[in-house]
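Here is a short set of questions on a protein–DNA model. Look over the sequence and structure before reading on.
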There are 2 protein chains.
Amino acid sequence: MTVLEKRRRLTREDWLAKALDVLAEEGIGAVCIEPVAKALGVTKGSFYWHFEDRDELVERLLEYWETEHTDRLGDLVAADSSDPSEQLLTLLELVTPSDENRYDASVRAWARYDPRAAAHLTRVDQKRLDYVRDLFLMMGFSKEQADLRSRWSYYYMIGEYSVLAIPPSDDQRLDFARRRHRMLTAPPVPGCSVPAAQPAAGAAIAKENA
Amino acid sequence: MTVLEKRRRLTREDWLAKALDVLAEEGIGAVCIEPVAKALGVTKGSFYWHFEDRDELVERLLEYWETEHTDRLGDLVAADSSDPSEQLLTLLELVTPSDENRYDASVRAWARYDPRAAAHLTRVDQKRLDYVRDLFLMMGFSKEQADLRSRWSYYYMIGEYSVLAIPPSDDQRLDFARRRHRMLTAPPVPGCSVPAAQPAAGAAIAKENA
DNA sequence: TTCTTTATATACTCTATAGTATGATATAAG
DNA sequence: CTTATATCATACTATAGAGTATATAAAGAA
C-alpha cells in the first residue's frame, strides 16, 4: 500500500461517508451526485452502480448516520462510572458543540423540512432523552421530575450548538456544566403548584460571586 | 374593497412576506423566484421589478425578519409586569414552539450553512440573551450566574422547537415552565468549585410526586 | 487465456431555476 | 385624451443537477 498505489475502487460505504461529510459541511442541499463524485475522484457512473438513485442515497445516509454515528455516547459515559450522577456530569462536560454532533446539527436542520430525516431524528432524540431520563430515575427522582430534568439537560446541549450568540470560553463552558449538574441533581424546590406568588428571590442573593 | 376587486399590485414587502412564509414552511431552498411568484399570482417579471436578483431578496429577507419579526417578545413581556422574576415566568410560559418562532427555526436551520443568515441570527440571539441576562441581574444574581441562567433559559426554548422527540402535553409544558422558573430564581447551590464529590442526592428524594 | 462480474467513464436527455430583453397594461398626472 | 411611469407578462438563454444508455477497464473464475 504505497502512496503511489492506484486508487482502490469504492464501496457503498465510501459514498455514504463522503456524503455525510458534505452534509455536515454544507447541508443536505449540497449532497448532489456529481459534486460528491468529484470529491471522491470518480464520475457519477460510479454512483449509479452503488445506488439506485439519489433517493436511495438519502435514505441510506440517514440509516448510516443513525446506526454508525449516534451511539458512541452511551458506551463512553457508562464506561466512565456506574453512578448515575457522575454519568450525568460526564455527559454534561463531554458533549461539546463540535466533534460527534456536527452531524447531528446537520440532520436536525434537514429534518425540519424532510419527514424522512425527521423520523430518524425523532428516534435518536427519544433514545437519548430516555437515556438521560433513566439517569434521573436512578437518582431517585419522580417520573415527572426526571422528564423535566432530562429535557432540561438535553435541550441545553442542543442550544449549545444551535444558538449563534458568542459562546462562553471552554473554561466557562466546563464550569457551567458543573453548575448545571449541581442544580439538576439537587432536590426539587417544594411547592411548585403555585404559579408565581413569590415576589422575586432577588436582593437576598446579591452577595454571591463566582 | 369588495371580494371581487381586481388584484392590487404588489409591493416589495408583499414579496418579502410571502418569501418568509415559504422559508418557514419549506426552508430557504424552496425560496425560488418562480414558485413564490406563482404563490403570489404573478410571474417573475414582477420579481425583477422589485428586486435586483435573488441575492437581494435573500439579503432583504433577513433584514425583514430581523426588524419585523424578532422584537415582539420584549414589549409583550415588559408590558406584563415590571418585576424581573415575573417577566421571566411570562417568558418561559409564553414562548411556545409554534407561532412567532416558526420563522426563527427556519432562519436557524438556514444560518448553519449561510454566513449572511448566521450574521443576522447571531445579533438576534445575542440581543435576546442579553435581555434575559438583564432580568437575572435585576434579580440580584452575579454576572456569571446571570450568564449561566440566561443561557439555560434560552437554550431550553431553542430545544423546545428543535428536539423532535415526543413533546410534553400543553399542561405539562406549562408546569415545566413554572418549575424551571422556580429553580432558575432560587439562590445558587453553594460550593460549586468541587467537581462532583457528592455521591448522588438519590434515595433521600424518592418520595416527591407530581 | 477466455469469460464474467464489478466498477467506472462518457455522452446523451430532461427538468428546474436564474437571469435578460422586451412587450403589454394600468394608473395617475398633465 | 395623452403621456409617462410603475407594474407585470412573455419569450428567450444559460446552467446545474438527475437520470439513462452504453462503452470500457479491471479483477477474479473457468
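The questions below take up the DNA contacts and then one residue of the protein.

This is a predicted model, where local features need pLDDT of at least 70, side-chain atom pairs count only at pLDDT 80 or more, and totals for chains, interfaces and linings use all residues. Residues are numbered from 1 along each chain as its sequence is written, chains are lettered from A and ligands numbered from 1 in the order in which they are written, and side-chain values use heavy atoms, with hydrogens and water left out.

Q: Which element gives the largest share of the surface near DNA strand D?
A: Near means that a residue has a heavy atom within 4 Å of the strand. α2 (33–40) and α3 (44–50) of chain A and α3 (44–50) of chain B each supply at least two residues. The largest share, five residues, comes from α3(B).

Q: How far is the side chain of Trp49(B) from a phosphate oxygen of DNA strand D?
A: Trp49(B) is among the residues that come nearest to DNA strand D. An N or O atom of the Trp49(B) side chain pairs with a phosphate oxygen at 3.0 Å.

Q: Is Asp104(B) buried or exposed?
A: Asp104(B) sits in helix α7 (residues 102–111) of chain B. Buried means under 20% relative accessible area, exposed over 50%, partly exposed in between (1.4 Å probe, protein chains only). Asp104(B) has a relative accessible area of 3%, so Asp104(B) is buried.

Key:
Helices (H or I, at least four residues) and strands (E, at least two) are DSSP runs, numbered from the N terminus. A polar contact is a pair of N or O atoms within 3.5 Å; within protein, one must be able to donate a hydrogen and the other to accept it, and residues adjacent in sequence count only if both atoms are side-chain atoms.
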